[in-house]
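Work through these exercises with the model open beside you. Try each task before you read its solution.

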Amino acid sequence: MPKWAIPGATGFIGHVLFNAFDPEEFQLVPSKHAFLQDLRKEEEAFDLVSGANLVYICAGVSGGAGAIQLDPLSFVTPNLQIHLALFEACRRAGVGKIVALSSTTGYPDSDQ
């Protein structure tokens, strides 16, 4: 039975992905820290992916249009740090396959 880890399983995309799979067809690798993880830290990322042979990376830092308008690049660095830590953790843990989901949100200038 495949063992999967889904960092970000409680987020916008991650929870949809999590709910789309039949738990009789895969085993979810449990998280030791649940919501308390800082996935920018490689050891915490490693704890999450250890034991998995497939990882769907859905984790990220996000904010609304107001936050993006005030500081458009504020989410780039933490999201890159999360992905880099997870990729390295997956390499160290011997994960066979990684699916990385990501998005860049942009809002046009507006007078409203």
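## Exercise 1: The fold

Read along the sequence, this protein runs β-α-β-α-β-α-α-β. The model is predicted.

**Task.** How many helices and strands does the protein have, and in what order do the strands form the sheet?

**Solution.**
- Step 1. Count the elements. There are four helices and four strands.
- Step 2. Order the strands. They form an open sheet, 2-1-3-4, with parallel pairing.
- Step 3. Find the edges. Strand 2 (27-28) and strand 4 (97-100) each pair on one side only.
- Step 4. Look at one pair. Strand 1 (residues 3-5) pairs with strand 3 in the parallel sense, over two bridges. Trp 4 has Leu 54 in strand 3 as its bridge partner.
- Step 5. Check the contacts. Take those with a separation of 6 or more: 66% of them join residues 24 or more positions apart.

## Exercise 2: The inside

**Task.** Which residues have the most contacts inside the largest nonpolar core, and which helix gives the most to this core?

**Solution.**
- Step 1. Start with the whole protein. Of its 112 residues, 30% count as buried.
- Step 2. Find the largest nonpolar core. It has 17 residues. Leu 39, Ala 45, Val 49, Val 55 and Leu 86 have the most contacts inside it.
- Step 3. Ask where the core residues come from. Helix 2 (42-49), strand 3 (54-57) and helix 4 each supply at least two. Helix 4 gives the most, with five residues.
- Step 4. Look for another core. One lies apart from the largest and has seven residues, including Trp 4, Phe 26, Leu 54 and Cys 58.
- Step 5. Zoom in on Val 49. Leave aside neighbours within four places in sequence. Val 49 then contacts Ala 5, Val 55, Leu 86, Ala 89, Cys 90, Ala 93 and Val 95.

## Exercise 3: Helix 2 and its cover

**Task.** Which residues of helix 2 are buried, and what covers them?

**Solution.**
- Step 1. List the buried residues. They are Glu 44, Ala 45, Phe 46, Leu 48 and Val 49.
- Step 2. Name the cover. It includes strand 1, strand 3 and helix 4.
- Step 3. Look just past the helix. There Gly 51 takes a positive phi of about 95°.

## Exercise 4: Buried or exposed?

**Task.** Is His 83 buried or exposed? Is Leu 73 buried or exposed?

**Solution.**
- Step 1. Recall the cut-offs. Buried means under 20% relative accessible area, and exposed means over 50%.
- Step 2. Place His 83. This residue sits in helix 4. Its relative accessibility is 12%, so His 83 counts as buried.
- Step 3. List its partners, again without neighbours within four places in sequence. His 83 contacts Ile 57, Ala 59, Ala 100, Leu 101 and Ser 102.
- Step 4. Place Leu 73. This residue is in the loop between helix 3 (65-70) and helix 4 (76-93). Its relative accessible area is 62%, so Leu 73 is exposed.
- Step 5. Look around Leu 73 on the surface. With Val 76, Leu 80 and Leu 84, Leu 73 makes a nonpolar patch of about 420 Å².
- Step 6. Set this beside the whole. The protein exposes about 7,400 Å², and carbon and sulfur atoms supply 56% of it.

## Exercise 5: Salt bridges

**Task.** How many salt bridges does the whole structure have? Which residues do shared partners join into one network?

**Solution.**
- Step 1. Recall the principle. Side chains of opposite charge can pair when their charged atoms come close.
- Step 2. Count. The whole structure has four salt bridges.
- Step 3. Take Arg 92 and Glu 42. Their side chains meet at 2.7 Å, N to O. Arg 92 lies in helix 4 and Glu 42 in helix 2, so the pair ties together parts 50 residues apart in sequence.
- Step 4. Take Arg 92 and Glu 43. This salt bridge spans 2.9 Å, N to O. It also links distant parts of the chain, helix 4 and helix 2, 49 residues apart.
- Step 5. Take Arg 91 and Glu 88. Their salt bridge is 2.5 Å, N to O. Both residues lie in helix 4, three residues apart, about one turn of the helix.
- Step 6. Join the pairs that share partners. Glu 42, Glu 43 and Arg 92 form one network.

Methods
Residues are numbered from 1 along each chain as its sequence is written. This is a predicted model: local features need pLDDT of at least 70, side-chain atom pairs count only at pLDDT 80 or more; totals for chains, interfaces and linings use all residues. Side-chain values use heavy atoms; hydrogens and water are left out. Buried means under 20% relative accessible area, exposed over 50%, partly exposed in between (1.4 Å probe, protein chains only). Contact means heavy atoms within 4.5 Å. Accessible areas come from the Shrake-Rupley method with a 1.4 Å probe; for residues, only the protein chains shown count as cover. Patches are made of residues with over 30% relative accessible area and no salt bridge: like charges are joined within 9 Å, nonpolar side chains (Val, Leu, Ile, Met, Phe, Trp, Tyr) within 5 Å. A nonpolar core is a set of buried Ala, Val, Leu, Ile, Met, Phe, Trp, Tyr and Cys residues joined through side-chain atoms within 4.5 Å. Two strands pair if DSSP finds at least two bridges between them.
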